[in-house]
Number of protein chains: 4
Amino acid sequence: MEHSNKSHLLDRDELVRSLVSGERRMHELPAVIAPEEAAAVRRQALSEMTGASLDHLGSYSLDARKASHRHCENFIGAAQVPVGIAGPIPVNGNYANGEFYLPLATTEAALIASVNRGCAALRRSGGATVFVEDVGMTRGPVFRTSGIIESRALVQWVEVNVTRFEELTASTSRYLRLREVSSTIMGATVFLRFRFACGDAMGMNMTTFAVDRIVREIIEPETGVACVAISGNYCVDKKPSALNFVLGRGKRIHAEVTIAADVLRKTLKTTAAVLAEVQYRKNLLGSIAAGAMGFNAHYANILAAFFIATGQDVAQVVEGSLGVTCVEARDNGAIYASVYLPDVPLAALGGGTGLETQREALALMGITPDGAEVGAAVMRLAELVGAAVLAGEVSLLAALSSNELASAHERLARGTTALTRNADFDCKKPR
Amino acid sequence: MEHSNKSHLLDRDELVRSLVSGERRMHELPAVIAPEEAAAVRRQALSEMTGASLDHLGSYSLDARKASHRHCENFIGAAQVPVGIAGPIPVNGNYANGEFYLPLATTEAALIASVNRGCAALRRSGGATVFVEDVGMTRGPVFRTSGIIESRALVQWVEVNVTRFEELTASTSRYLRLREVSSTIMGATVFLRFRFACGDAMGMNMTTFAVDRIVREIIEPETGVACVAISGNYCVDKKPSALNFVLGRGKRIHAEVTIAADVLRKTLKTTAAVLAEVQYRKNLLGSIAAGAMGFNAHYANILAAFFIATGQDVAQVVEGSLGVTCVEARDNGAIYASVYLPDVPLAALGGGTGLETQREALALMGITPDGAEVGAAVMRLAELVGAAVLAGEVSLLAALSSNELASAHERLARGTTALTRNADFDCKKPR
Amino acid sequence: MEHSNKSHLLDRDELVRSLVSGERRMHELPAVIAPEEAAAVRRQALSEMTGASLDHLGSYSLDARKASHRHCENFIGAAQVPVGIAGPIPVNGNYANGEFYLPLATTEAALIASVNRGCAALRRSGGATVFVEDVGMTRGPVFRTSGIIESRALVQWVEVNVTRFEELTASTSRYLRLREVSSTIMGATVFLRFRFACGDAMGMNMTTFAVDRIVREIIEPETGVACVAISGNYCVDKKPSALNFVLGRGKRIHAEVTIAADVLRKTLKTTAAVLAEVQYRKNLLGSIAAGAMGFNAHYANILAAFFIATGQDVAQVVEGSLGVTCVEARDNGAIYASVYLPDVPLAALGGGTGLETQREALALMGITPDGAEVGAAVMRLAELVGAAVLAGEVSLLAALSSNELASAHERLARGTTALTRNADFDCKKPR
Amino acid sequence: MEHSNKSHLLDRDELVRSLVSGERRMHELPAVIAPEEAAAVRRQALSEMTGASLDHLGSYSLDARKASHRHCENFIGAAQVPVGIAGPIPVNGNYANGEFYLPLATTEAALIASVNRGCAALRRSGGATVFVEDVGMTRGPVFRTSGIIESRALVQWVEVNVTRFEELTASTSRYLRLREVSSTIMGATVFLRFRFACGDAMGMNMTTFAVDRIVREIIEPETGVACVAISGNYCVDKKPSALNFVLGRGKRIHAEVTIAADVLRKTLKTTAAVLAEVQYRKNLLGSIAAGAMGFNAHYANILAAFFIATGQDVAQVVEGSLGVTCVEARDNGAIYASVYLPDVPLAALGGGTGLETQREALALMGITPDGAEVGAAVMRLAELVGAAVLAGEVSLLAALSSNELASAHERLARGTTALTRNADFDCKKPR
């Protein structure tokens, strides 16, 4: 209808004007206008205010309604992050078995090439052996007591009431199960750490909700002790921490491969002795010298790319990238390489995994929670993460051991060199 | 032309078939086919192999040629990450002065709402005062010597040759300047840490390149000492480390605000006493109890959203999110709040900042390296990061202090509740 | 008899000569000569070789036979460390109840004076409330496996065999009881952490012995997995570690006191506000800025003095001194202060506690294992440690808050000023 | 005189009675009575109150006057700690060159035997090569500002006033020299770290005094910024800290040795491969798994024994024992072993080094500050510490690699086995 259409156009200009003038805030657009329209109004207002064109941000195919309601307030569009493919990567796991393609969202030249080369090495070495422990998601509220006697009493009271917490937990979600409550007392402060199995979800939100109910409905009313914060930095979420390094959080991932001398030489352009020395002086002594919590070459790179592509909570790369790589020389010039990631929160369901491109990336690896076995999809995902990190780690250590990191970056980052075309693609030319 | 068109179509099917059969690898597509076409071929092959639809990944507006050459090998398309707007945020800095809108790419419900509420509090409090120290980018190669005597000799030799390293550095880029070389000796291992000013770039690649040349052209040939790896985990890149926490890396960011009692009450729904207690028991004691390296509530959330939106290296959120929040009660019921981020690598130029949506996000904040003053654009960006983190931190601490984190998440994550529409939008309802 | 006496003298000169010439080593003195005589021979030889007089080292009253057999090979005498008394200190514990005098062996001027002043403050505040958790002594052997699959199998095998380890443990000592076995897998490496109750002993030796037998008699023969070292630095003994900070080791000690405004003013010459600020900016922010593992003012001082005086293993001050002090302002100008020491190995029996002066120091506090209740003596000792550390901590923080640390040290360390004689002795003058 | 003698006796009983009754406190004995008499009075009173005999504590030869005035308030006597001798140890240093005997005060059976075996291995390997960096003593006061702008202004003001601090420092002691002032800003808190050269003294007291004067006479009056505490835990004294690990404190000590295959076999009963594996899985992976700050086997044991014997500040073993051991396989079955201790405060003068037995222990090693070269004596001492730690480390790692730690402890700790008498004494029997 012409009329409504016209009034609509008028409305839009008017809305833009009101945002530009400051009469309205971004979140104050009328609830009745469609999310994609609201996004357009916001973009137009921002363009007028700042002079910036925002057309690309407006070029998205995702469902604006879902994005703006579930993920992102004041929605204006989508950032596009390039996605490339590494693989196939051969995985011998309990949930993932076979060859998989890895979607990685990154802007860092050479990363995918590097992981890809690692995949080639794994293919020639019988694949990555992987197993994952489902430690579970944690929430760590903090309480204020009158002093150490009450602190001790609270901890003892909690210990005898765990069954009730388990029951309340089960009533909040059929996928959530309370596994353990541990504690630390510091004077008039008590920290509890609730640890949960969460099915295929990452679990941060459902555990927050459950702990909130346990605290508000049971602990506070019955003990009279006040909870100061539902998250007392004793979870610990999105911070590197010794607690999670020691006790684990989310998924605790182990992966390994043994690579023979000829694969080291042909595919990775290195030898066992050189690779083991890079591992020793860089990943062990270097991280010790720096007081680093990560004893690896670049777990964070692979995790960040994987997390963006698959809709994980990207801030959790902070804790997810903690871990220890081992490289040990074996007989006949082979090396044994392993990765250990004790603290990786992951989801196959919920959060950003429901977004369109992210869901496609997961589907590409066969990750689709199908209800057959609760938690199996996210365990499969975790095994793939372990294999991917192993591939990336072996490849970068090999590249460093060949002294070619800089030249590889140089070549690829400047865009002047096409990908090489030999059978074993990798990020380095023969010198 | 029909013919070539047809042959092209034939080619495409044939290429897809060769990928599916494994005859060809993803990176072995003929160099002559256009990047967007190569991406389509890869998507089609992957779909056939896995049954997954990848249409949304193929819905991008970015320049496939640039993306595939500079950022992402085996390019297949783009992940879309929802972007929302927080602000305006008032900033009193040396490079950023005035009000700014913050683009944040996130899938975590309530994050933008929370930052937005922090911005409202800042607007009513005279804005965020910010200053940034340009510590510089570092690279830390590791060397093997014959023992401590040669190790000491190497360090002494380096000290008297710094001028030559400076000159070589200057010859590699007019934006790069060597500032300092420091060292640690551990037996037969020597770590050097080169620290550089990098203009508006983040600098990891250009410093790798410069250090590689310094090592290959000067140090190795003249001393005979072998470099084991150009990056010896003594940089330290993308790992949480005490070294960077103490000495800084990238930008070292300071921001603060004093918030009066009525703003605390009306905008943040809290009081000075409660807020200070949450800070004390959570950010200080909680992080101590957990052996965490971050003494803050959620720097990682804001940084991850900011980094994705603006094309930063997302894996560097790991180190960027280290830092310490202070909240101190002041007279008349006010609080003083500050954030300290000692280790934030940032770019206004290069890397992912050149991608289309990311460039728009930067332009939205007026970040466009214009050559007028080298490094000014990235310093402006760093000041905005400081202000944004301050807003997010104050808001979440306030939310926790109101015991409503769980319910806010509940409401927003399930998409059942529209954004509230009152003047001071935030993630919590009046009780 | 003259003859034997003479031959003896000849022997002595001859023995000295053989040590000086290097014919004999210090430990090669004939087994038949008495330990005190062997010590004299060694001293004489050393004096001849170095020109140093060693008469004071030879002035000891301890039993040379016991010392040289049980504590100290190549025994030459005893170091004399001055012992002073602080107290009485009022303690409200489960094992220690009443007033106690604390023996402290130190060479650091002002330390005892400072603890003493803290005791005075405690006496005027109802005493120190203390409780101790008997976490237990740990040993952490390390194993080499063929890879992660065998690593996991080993851990699972251990879990189902714990009862057998308990039985073997019980057979080695009636005071030793195995409480828990935990583990970490890193690729082809497995760490087990055995945790034991040890009665009144510190337990390092008896647990090493038990773990050695468990490993040699059960784990290695039955699994075929090799133990690389009985102590795999996963215990962790005598190193500061996050593992022990989080999980505890030895005794986990909690102590607290609330001090009223007038006691703060008169005895400690400070106020709640100033004391709380010193705590905040020094013990919390300062230790954070330094990346320190201890969030306290000087636990190590009190522990070192206490450990030397009472015959503890002094090297364990390294882990014992980890911990967190809290100081919180309370109503009416009072403060609440607590100390938390998660990792304090302690003995009331065995090791250096059997030496003469050390046994006297323990007896002075009523610490004498009497068999009535196994473990009660060491728990009493632990409660006294907690109270002593609390007294020292409160006093030094107060001294710092009065800006007088330097002048107190100046006065006392130079020996020019006698102890003050007013009723509330302390290390500071009125201003 | 009989009369005065009698009155004296009466006085003594009277004094004892007044202590027992609580009329007098320990520190309130009349200033005119001699320190040894005061000590006797206190012992007698304590015996009456507690029933404990304190005769051995009263059996000392040290100068009670000096001890009670300079080291130890409320002096009652001395703890006797058994001292044994290890060595001779061959040292190739810049200050210590030749063979030395090491005095070690310990109650831990097998320690001296173990170090002694390490000395034997060093003697057969050309000795320990050592060098020491004199980093210097530090004091880290903390200041409160109005916020980050004043914080930055303070740091900038300090930078331009360093020369004045240097001058004031020089006026407080001719041995003290200010080397550097560094800083960290956290919101309204500023930490300064003053680093000094201290001659032969450890320097804690003289630096505290100098920093106190700099703060009270220059910084506070001229800037108006308040110092909250002269020690802001940013020194960092007697806590394990990343700051000191990275930047060093006191002496930074390096020592190394290369041990041939036959010495490994005959003296240390091990091989290069086994020793390197113990190092790798224990000192590196084990400490990583435990989140430990020390990557070594038992630095703390050697340091504690050395510190007690030579009158060092024993609480500084906490920081002194941080460090990293390296063991690397070399050609022909040899190993290269090094130790690195970045943070060892040491004194050849002042503090406990002036006590009688401690002075003898120092003299035994030729450590006597003679004024010829200021600081040379303490550097010699530091080189000996490095060599001693190296000997102890190599020996324990070898013992662990032979799987005999437990049995050695068992044998020696129970006193049932005499020291072996073969030429290469060590703590293990041939198998």
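Trainee: How many residue pairs are in polar contact between chain B and chain D?

Mentor: A polar contact is a pair of N or O atoms within 3.5 Å; within protein, one must be able to donate a hydrogen and the other to accept it, and residues adjacent in sequence count only if both atoms are side-chain atoms. Here, the count between chain B and chain D is four residue pairs, both residues at pLDDT 80 or more. This is a predicted model, in which local features need pLDDT of at least 70, side-chain atom pairs count only at pLDDT 80 or more, and totals for chains, interfaces and linings use all residues. Side-chain values use heavy atoms, with hydrogens and water left out.

Trainee: Which classes of residue make up the side of chain B that touches chain D?

Mentor: Ala, Val, Leu, Ile, Met, Phe, Trp, Tyr, Cys and Pro count as nonpolar, Asp, Glu, Lys and Arg as charged, and the others, Gly among them, as polar. On this side of chain B there are 16 nonpolar, nine polar and four charged residues.

Trainee: How is the relation between chain B and chain D to be read?

Mentor: Two copies of a chain are related by a rotation about an axis and a shift along it. With superposition by least squares on the C-alpha atoms of residues with pLDDT of at least 70 in both, a turn of 180 degrees and a shift of 0.0 Å along the axis lay chain B on chain D with an RMSD of 0.0 Å. That is the relation of a two-fold axis.

Trainee: Which residue of chain B comes closest to the rotation axis?

Mentor: A242(B) does, with its C-alpha at 3.0 Å.

Note on methods
Residues numbered from 1 in each chain as written. Chains lettered and ligands numbered in written order.
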